[in-house]
Amino acid sequence: MGKEQSAMVLSISPHIKSKESVRRIMLSVIITLLPAVGYSIYQFGLHALFMYCISVATCLVSEWVVVRLRKRPFSLRDGSAIVTGILLAMVLPPKFPLYGVVLGAVVAIVIGKQIFGGVGYNIFNPALIGRAFLAATYPVFISSYVQPRMALDAVSQATPLAAMKFEGVMTSYRALFLGGTGGSLGETSALFLLVGAVYLLVKKYIKWRIPLSIFLTVAVLGEIFHLINPAKYPDPLFHLFAGGLMIGALYMATDMVTSPITKRGSVIFGCGIGVLVVFIRLLGGLPEGVMYAILFMNAFVPLINRATKPKIFGTGGRDER
Amino acid sequence: MSLFTFKGGIHPPYEKELAKGSPIQTAGLPKSLTIPLVQHIGAPCAPVVEAGDVVKKGQLLGKGESFVSAPVHASASGKVKRIEKSLHPLGQPVLSVVLEPDGNEETAYMTPMGGDPGTLDPEAVKARVKDAGIVGLGGATFPAHVKFSPPKDKPIDTFILNGCECEPYLTADHRTMLERTDDMLLGAKMIGRILNVRRIIVAVENNKKDAIETCKKSAHAEGVEFSVTATKYPQGGEKMLIKAVLGREVPSGGLPMDVGVVVSNVGTAVAVCEAVRDGKPLIERVLTVTGNAAKSPGNWLVKIGTPIGEVVEQAGGTTGTVGKLIIGGPMMGIAQSSFEVPVIKGTSGILLLREEAYMKEGYLPCIKCSFCVQVCPTRLLPSRLSVLAEAEAWEKMEEYGVNDCIECGSCAYVCPSKRPIVQLVKAAKIKVREIKKRENA
């Protein structure tokens with residue numbers, strides 16, 4: 001023994017690591033999104049498939065180019081660009097033009113993520129940055145919805161939220177839950193999103209406090225409004241299953257990078273989103289407010305983290321991380 | 001029955017099956033012993049022998065003038081070849097006595113004091129602990145007599161004998177509890193005598209069923225309490241153990257004595273028993289040779305100063321390419337560059353891990369998954385600390401409790417970005433200390 005062992009690694013403890021990795025987390029997110037993705041392709045046809053492909057491909061290419069330009073060692077292997085690509089397509093209307101998808105994906109990666117320093121450093125959810133950009137540049141396209149193949153409730157061309165807000169027409173819960181209403185690619189079926197998210201919750205890849213506090217806040221606030229004026233304001237169940245709330249609460253607000261790291265912080269973050277969603281939906285000018293609510297609360301995450309810093313062991317506080 | 005435990009922590013693969021069934025074997029006399037004059041936290045020892053001297057087993061080799069120091073003794077009879085700076089498991093070369101054993105095993109122990117704790121003079125026992133060079137054998141190597149000398153205004157009511165052995169792979173404490181039960185309990189009662197405590201509690205993780213069975217019976221007969229804790233890393237950390245067993249939280253920046261508790265490792269208790277009853281100084285210890293690159297994992301009683309390589313040879317050698325040689329366990333042990341380093345008082349294990357890709361992998365930015373926040377036993381924000389360390393924001397790190405970090409490594413273990421959080425924290429602690437020093441100067 002001696003010389004031949006000179007290649008022994010000298011890193012600092014711990015010398016064993018769990019099997020968790022960024023790649024594994026991202027792959028899990030991708031896999032759990034697939035049922036909802038598949039269902040939306042079935043509902044909206046080939047164009048939806050193209051949207052997903054173009055969005056993911058553009059995200060990967062943009063990421064690759066920027067990483068090269070910044071001379072960073074990080075490769076595409078972590079899979080985070082694929083997640084952004086899929087999520088961006090999921091929050092766009094079914095017939096969104098493909099060149100628009102390309103533009104949105106470039107903005108999502110370059111402005112939403114890489115400008116801040118790449119994976120881990122971004123403040124805002126990249127996919128939502130992409131969508132916000134498209135909402136500002138293509139206001140007509142972003143609000144043009146078509147009915148899915150299996151329309152369970154063919155009341156109008158509008159989304160359930162727009163129908164509620166501008167026409168006072170309600171959509172059935174069955175249609176909302178199972179999917180079969182107008183809306184963005186990924187927001188038409190609450191069921192498939194929930195199924196996927198359960199796995200992530202079990203694996204603790206998403207912090208359950210965030211979606212739960214969003215749902216509870218929306219339900220309670222929605223109920224209050226509903227009690228005040230049932231004719232004008234929908235009941236809480238409608239709020240929960242309509243529009244982007246499911247995908248937003250389960251997949252956007254729970255993005256690790258852009259959500260708080262403490263338990264109390266997660267609750268504050270979720271409640272904030274819930275309040276904003278209900279206010280924008282019922283009192284604001286837009287039919288849907290999930291995107292802006294999340295982006296707005298993203299900006300407060302550093303502050304929330306600082307304010308909810310746990311009391312260190314032995315300083316008299318309770319365990320409240 | 002609900003188990004005692006703390007909040008946070010992790011469940012790594014324990015890999016105790018490798019060595020836990022193998023009884024303690026006595027390692028043979030090596031050709032040469034290298035006995036460092038620093039094997040403890042505190043002032044180094046000055047040699048009291050010279051090259052060419054013939055020494056007996058147990059004879060004093062070096063001692064320090066300071067109170068916080070622990071003398072070292074010859075672990076075999078033989079001739080002092082030289083006194084020189086040699087490799088040390090903690091990294092920095094240390095002045096060491098190189099001894100060539102003559103095989104006679106002639107002893108020069110101290111006078112036995114008897115084995116009845118009830119009749120012993122506490123002060124004499126404490127002095128014996130000091131003279132025997134006993135340090136914390138769990139790995140921290142803090143001189144035991146210092147730990148057993150709390151100031152008058154900090155009365156100790158409970159002594160906890162730590163048999164948790166929460167580090168994966170290691171089974172030396174487990175075997176000690178099984179095979180040296182009586183000596184261990186006797187040692188614990190001697191320590192209890194020094195501290196004048198009301199309660200002595202043996203704490204063991206519930207993954208050591210046979211040890212619990214064996215110890216419980218004897219403990220009750222001796223009037224010693226027994227506490228079974230949950231199997232969770234780092235259950236054996238002093239602060240976590242005290243919280244689990246007594247519900248007391250050691251204040252930030254404080255010591256167990258601040259809440260009236262002293263915690264010692266089971267091996268330390270055996271060493272105290274031998275020093276008091278038999279007059280034997282701390283010249284050997286039980287350690288585990290294990291890991292997936294160890295041919296036949298097992299537990300060995302090894303003379304202090306034996307080169308690691310010789311212990312590994314005697315234990316059957318290695319298999320495959322050794323990617324890492326670790327002194328201690330996989331969570332807090334120290335990686336070595338050479339098999340020449342000697343076994344010292346704090347060497348609880350020799351862990352041989354086969355070369356694997358992850359050992360050389362780089363790391364990614366923090367993705368704020370908060371896994372580390374949930375497992376940190378001291379409720380820090382390890383992710384934040386690691387980012388602040390990269391930004392060299394040392395003052396800010398102090399505000400975020402960097403000095404409260406016990407370096408257990410739970411955060412780095414769960415980190416999906418594989419960030420070297422402990423490494424960053426260790427470096428930051430040194431920086432923070434430097435800044436403090438400059439401010440006070």
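Start by selecting E225(B): in this predicted model, its relative accessibility of 31% makes E225(B) partly exposed. Now add R199(B) to the selection. R199(B) is also partly exposed, at a relative accessible area of 29%. Show both side chains and you will find a salt bridge between R199(B) and E225(B), with 2.8 Å from N to O. Colour the strands next: R199(B) belongs to strand β10 (residues 199-205) of chain B and E225(B) to strand β11 of chain B, so this salt bridge ties together parts 26 residues apart in sequence.

While you have charged side chains on display, pick out R180(B), D183(B), E274(B), R277(B), D278(B), K280(B) and E284(B). These residues are joined into one network by salt bridges that share partners.

**Two more salt bridges in chain B**

Select E222(B) and K189(B). Their side chains form a salt bridge, 3.1 Å from N to O. Follow the backbone from each end: E222(B) sits in the loop between α6 (209-221) and β11 (225-229) of chain B, while K189(B) is in helix α5 (residues 181-195) of chain B. The two residues are 33 apart, and the pair links distant parts of the chain. How accessible are the two partners? E222(B) counts as partly exposed at 37% relative accessibility, and K189(B) is partly exposed with a relative accessible area of 26%.

Now move to D157(B) and R248(B), whose side chains meet in a salt bridge of 3.1 Å, N to O. Trace the two loops here. D157(B) is in the loop between α3 (144-147) and β9 (158-163) of chain B, and R248(B) is in the loop between α7 and β12 (261-265) of chain B, so the salt bridge ties together parts that are 91 residues apart in sequence. Is D157(B) buried or exposed? With a relative accessible area of 19%, D157(B) is buried, because the cut-off for buried is under 20%. R248(B), at 23% relative accessibility, counts as partly exposed.

If you would like to hunt for others, the count over all chains comes to 31 salt bridges.

**A three-stranded sheet**

Switch to cartoon view and select β3, β5 and β6 of chain B. They make an open sheet of three strands in the order β3-β5-β6, with antiparallel pairing. The edge strands, each pairing on one side only, are β3 (46-47) and β6 (72-73) of chain B. Zoom in on strand β5 (residues 60-63) of chain B, which runs antiparallel to β6(B) and is joined to β6(B) by two bridges. To find a reference point, label L60(B) and look across to H73(B), which stands opposite in β6(B). If you turn on the backbone atoms, keep in mind that strands of a sheet pair through backbone hydrogen bonds.

**Strand β15 and its neighbours**

Your next selection is strand β15 (residues 322-327) of chain B. This strand is mostly covered, with six of its six residues buried. Which strands pair with β15(B)? One is strand β17 (residues 349-354) of chain B, antiparallel and joined to β15(B) by five bridges. Label I327(B) and I350(B) to see residues opposite each other in this pairing. Another is strand β16 (residues 334-336) of chain B, which pairs with β15(B) in the antiparallel sense over three bridges. Here I326(B) has A335(B) as its bridge partner. Follow the chain from β15(B) into β16(B) and you trace a hairpin with six residues between the strands. Pause in the turn at G328(B), which has a positive phi of about 105°.

**Where chain B meets chain A**

Finally, bring chain A into view. The contact takes 69 residues from chain B and 43 residues from chain A. About 5000 Å² is buried between the two chains, and carbon and sulfur atoms give 64% of that area. Highlight I367(B), K368(B) and R379(B): they supply 16% of the area that chain B buries against chain A, more than any other three residues.

What kinds of polar link cross this interface? The rule finds zero salt bridges between chain B and chain A, but 19 residue pairs in polar contact. Among the elements giving two or more residues to chain B's side are α7 (238-246), α9 (308-314) and α14 (421-440) of chain B. The largest share, five residues, comes from β15(B). To finish, colour chain B's side by residue class: 38 residues are nonpolar, 18 polar and 13 charged.

Terms used
Residues numbered from 1 in each chain as written. Chains lettered and ligands numbered in written order. Predicted model: local features only at pLDDT ≥ 70, side-chain atom pairs only at ≥ 80, totals over all residues. Heavy atoms only, no water. Buried < 20%, exposed > 50% of the residue type's maximum accessible area, 1.4 Å probe, protein only. Helix = DSSP H or I, 4+ residues; strand = E, 2+ residues; numbered from the N terminus. Pairing = 2+ DSSP bridges. Contact = heavy atoms within 4.5 Å. Buried area = accessible area lost by both parts, 1.4 Å probe. Salt bridge = Lys/Arg side-chain N within 4 Å of Asp/Glu carboxyl O. Polar contact = N/O pair within 3.5 Å; in protein donor to acceptor, adjacent residues only side chain to side chain. Nonpolar A, V, L, I, M, F, W, Y, C, P; charged D, E, K, R; others polar.
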